[in-house]
Amino acid sequence: MTKYENAARSNIVSCSVGGAAAGPSGMLIMPSVLEEVDDSSNVYTPLVDSSGITVVPPSPSSKPLKTINDVRVLLQQGRKQDLKQLLRNNSWPVNSPIRKELWPLLCTQHQNGKSNIMDGFYWDMVNQVFGSPDLPDKPISLPPFVEPSHCQSYYMTHKGRNVTDRVVSVLGYACPDIVYSPTIYPICALLLHYMSGNF
């Protein structure tokens, strides 16, 4: 590659704007023409269509938001009341990188070394209920404790909704004592915005 081609290629990658990139002539080039445009600013999983999500920036007069390290320190020190106050008093924007780490970190305090067992449990239940780890092509029946009028998917893609349906359905089979839980579906959908992994 010549010196000019290297410079032109670096312009393409560094000038990305809104899913397209400007080439050396200033023309927009779609990402499919480029190798892969890294959108590290997107904190959501591929299960989310973030194009419709409105991000409200924090107020300029508000105090600085705490970091994930602040949360870790309070967890390690066992200061649960201070941690609760920190969580209540920090309104991180929906696209804040802390959200991708926050709730899995908070859940680790309840694991007691059972993480691998629980991961295997979920996939065993998926195989038992659906016969395969693959997402079914047909709609998934939701358990009776789900309130259909509360099934908000919050910008989930089609696959994201199917994954949410499957997680809630597996929860219904794993916990038959749940009688009524109208908010379980939207909570599951919101948590899947930030949870990495295969579901």
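Buried charges and salt bridges

Arg166 is buried but forms no salt bridge; Asp134, the nearest side chain of opposite charge, is 6.8 Å away. The model is a predicted one. A salt bridge here requires a side-chain nitrogen of Lys or Arg within 4 Å of a carboxyl oxygen of Asp or Glu, so the 6.8 Å to Asp134 leaves Arg166 unpaired. Arg166 belongs to helix α6. Leaving aside residues up to four places away in sequence, Arg166 touches Tyr122, Trp123, Val126, Phe130, Pro133, Asp134, Leu135, Ile140 and Phe199. Asp134 is thus one of the residues that Arg166 contacts, although the two side chains form no salt bridge.

Helix α6, which spans residues 158-174, also holds Asp165. Asp165 is likewise buried and without a salt bridge. For Asp165 the nearest side chain of opposite charge is Arg161, at 7.1 Å. With residues up to four places away in sequence not counted, the contacts of Asp165 are Ile140, Leu142 and Tyr185. Ile140 appears among the contacts of Asp165 and among those of Arg166.

The salt bridges of the model lie elsewhere. Side chains of opposite charge can pair when their charged atoms come close. The count of salt bridges comes to 2. In one of them, the side chains of Glu101 and Arg72 meet at 2.9 Å, N to O. Because Glu101 lies in helix α4 and Arg72 in helix α2, this pair ties together parts that are 29 residues apart in sequence. Glu101 is partly exposed, at 36% relative accessibility, and Arg72 is partly exposed too, with a relative accessible area of 29%.

Another salt bridge joins the side chains of Arg79 and Asp82, at 2.8 Å, N to O. Here Arg79 has a relative accessible area of 38% and counts as partly exposed. Its partner Asp82 is partly exposed as well, at 35% relative accessibility.

Helix α4 carries Glu101 and also contributes buried residues. The helix runs over residues 98-107, and Ile98, Leu102, Leu105 and Leu106 are buried in it. These residues cover an arc of only 95° around the axis, which puts them on the same side of α4. An α-helix has 3.6 residues a turn, so residues three or four places apart point the same way. What covers the buried residues of α4 includes α2 (68-77) and α3 (80-89). Helix α2 therefore has two links to α4: the salt bridge from Arg72 to Glu101 and a part in covering the buried residues.

Conventions
Residues are numbered from 1 along each chain as its sequence is written. This is a predicted model: local features need pLDDT of at least 70, side-chain atom pairs count only at pLDDT 80 or more; totals for chains, interfaces and linings use all residues. Side-chain values use heavy atoms; hydrogens and water are left out. Helices (H or I, at least four residues) and strands (E, at least two) are DSSP runs, numbered from the N terminus. Buried means under 20% relative accessible area, exposed over 50%, partly exposed in between (1.4 Å probe, protein chains only). Lys and Arg count as positive and Asp and Glu as negative; His and the chain ends are not counted. Contact means heavy atoms within 4.5 Å. The arc is that of the directions from the helix axis to the C-beta atoms.
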